[in-house]
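Hi,

Here is the structure I promised to pass on. My notes on the ligand and a few strands follow below it.

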Amino acid sequence: MVIEPKIRGFICLTAHPAGCRGNVKDQIDYVLSKGKVTTGKKRVLVIGASTGFGLASRIVSAFGSDAATIGVMFEKKSDNGRTATSGWYNTAAFEEFAGANGLYAKSINGDAFSDEVRNETLDLIAKDLGQIDMVIYSVASPRRMHPKTGVVYKSVLKPIGKEFQSITLDVHSGKISDITIEPAVEQEVEDTVNVMGGEDWSLWIAALLERKLLAPGAVTIAYSYIGPKITESMYRQGSIGRAKDHLENTAKQLSQQLQAIGGNAYVSVNKALVTQSSSAIPVIPLYITLLYKSMKTAGLHEGCIEQIYRMYKDRLFTNSSVVCDAAGRIRMDDWELQEAVQADVQERWTRVNTTTLPEIGDINGYRYEFMRLFGFGVTGVDYQEDVRIDVEIPSIPCVAE
Ligand code: NAD
């Protein structure tokens, strides 16, 4: 089948297997070009492993530290003439390259919030790896069914206390317009914390500890975001920010629990990047177009793979202790939040409108990265070619429907 992008709002309904494979290969090649992280952990569980920061973490662990990896994700295989999701194709490609390099890699596709998927993962660890040395928690989801109560929580992206007025960008038309977002009610804030806060992460760690599946000295990391003043009311002081506060507090509690095995829990505050999750947040895509322009001009731009490689090399697996800020967080947003970068973005923000955007913002860079998330626009891929959409993930048994 010849696959074309079908964009609806902030999602693309199709994905290109060869393009996704190319994306994964590019990330692997980046890691190989930078050299090994020899002190990295060797048995790694990545929850949310198929796209964005989670996929990059899996790639750096495998190809930077020769780690065996188990990845958990929530993706769709191809069905009825519809392509699979990009995370499915990414995982298929990752396992193919890992296998070719003699690296253990298995994946579990299902709801990481459920006890069923958690137990399946723990059984696989016990059977194949014995124990795990590192757990990366990189799930981003708009909803979560609580495993004990069955209640379904939905997250919202809203300010708290008072409405938020700003400008926002429709990435596909390039139009900038005013936006007013009503504040979240208390229940919405609680629900957002239930989805994107740290509870699920702590359930995973508790379950792993209970079954003695964490090796002595094991570490766990989840990803957070802070961002600039421009997005503060919407992001860090908003409903999602409450969830991130909860996640960061969870890291402290988990660190205490992990002391029993000489382990530790961290949150890494990462840079704003184009991923499937960030495209859905109002105002953030406009900020990202200006940020990219500024950081690319200053030679400071990084994508997920560069961020995670730098985190492993310069923060986590250094020859001395883990490098954290005063609040105990790893900071990979250090370049994004540099004073000069933020002053430049702020100045661009005051001048940006639909007419000036192509010149003062990196709208083309944003669109290019957005398309790449789904495997489109990847160098070396012939998009006129007929390709098979029913790509299998080697470790996932193909069950007849
Ligand atoms: P992403 O959308 O690229 O990846 C999300 C991952 O979660 C995918 O692998 C997906 O399959 C998996 N997932 C979603 N629901 C699941 C479920 N129910 N069960 C199992 N897996 C599930 O997102 P991302 O941007 O890489 O975000 C990962 C983390 O990084 C989030 O905590 C996010 O807040 C944080 N972060 C993102 C940015 C950014 O700008 N994108 C910046 C800093 C921090």
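Which residues come nearest to the ligand? Of the 29 residues around the ligand (each with a heavy atom within 4 Å of it), the nearest are S50, A112, K244, T275 and S277.

Before the details, a word on the source: this is a predicted model, where local features need pLDDT of at least 70 and side-chain atom pairs count only at pLDDT 80 or more, while totals for chains, interfaces and linings use all residues. Numbering starts from 1 along each chain as its sequence is written, and side-chain values use heavy atoms, with hydrogens and water left out.

Three polar contacts (pairs of N or O atoms within 3.5 Å) involve oxygen atoms of the ligand: a polar side-chain atom of T275 at 2.7 Å, a polar side-chain atom of E75 at 2.8 Å, and a polar backbone atom of F53 at 2.9 Å. On its own the ligand has 840 Å² of accessible area (Shrake-Rupley, 1.4 Å probe), and the protein covers 93% of that.

Helix α2 (52–65) and strand β11 (214–224) each supply at least two shell residues; helices are DSSP runs of H or I with at least four residues, strands runs of E with at least two.

β11 also pairs with β12 in the parallel sense, over 6 bridges (pairing takes at least two DSSP bridges), and T220 stands opposite A265 in β12. Strand β12 (residues 264–269) is largely enclosed by the rest of the structure, because 5 of its 6 residues are buried (under 20% relative accessible area, 1.4 Å probe, protein chains only). β12 is also joined to the parallel strand β13 (residues 330–331) by 2 bridges, where S268 has I330 as its partner.

Best wishes

How values were computed: A polar contact is a pair of N or O atoms within 3.5 Å; within protein, one must be able to donate a hydrogen and the other to accept it, and residues adjacent in sequence count only if both atoms are side-chain atoms. Buried means under 20% relative accessible area, exposed over 50%, partly exposed in between (1.4 Å probe, protein chains only).
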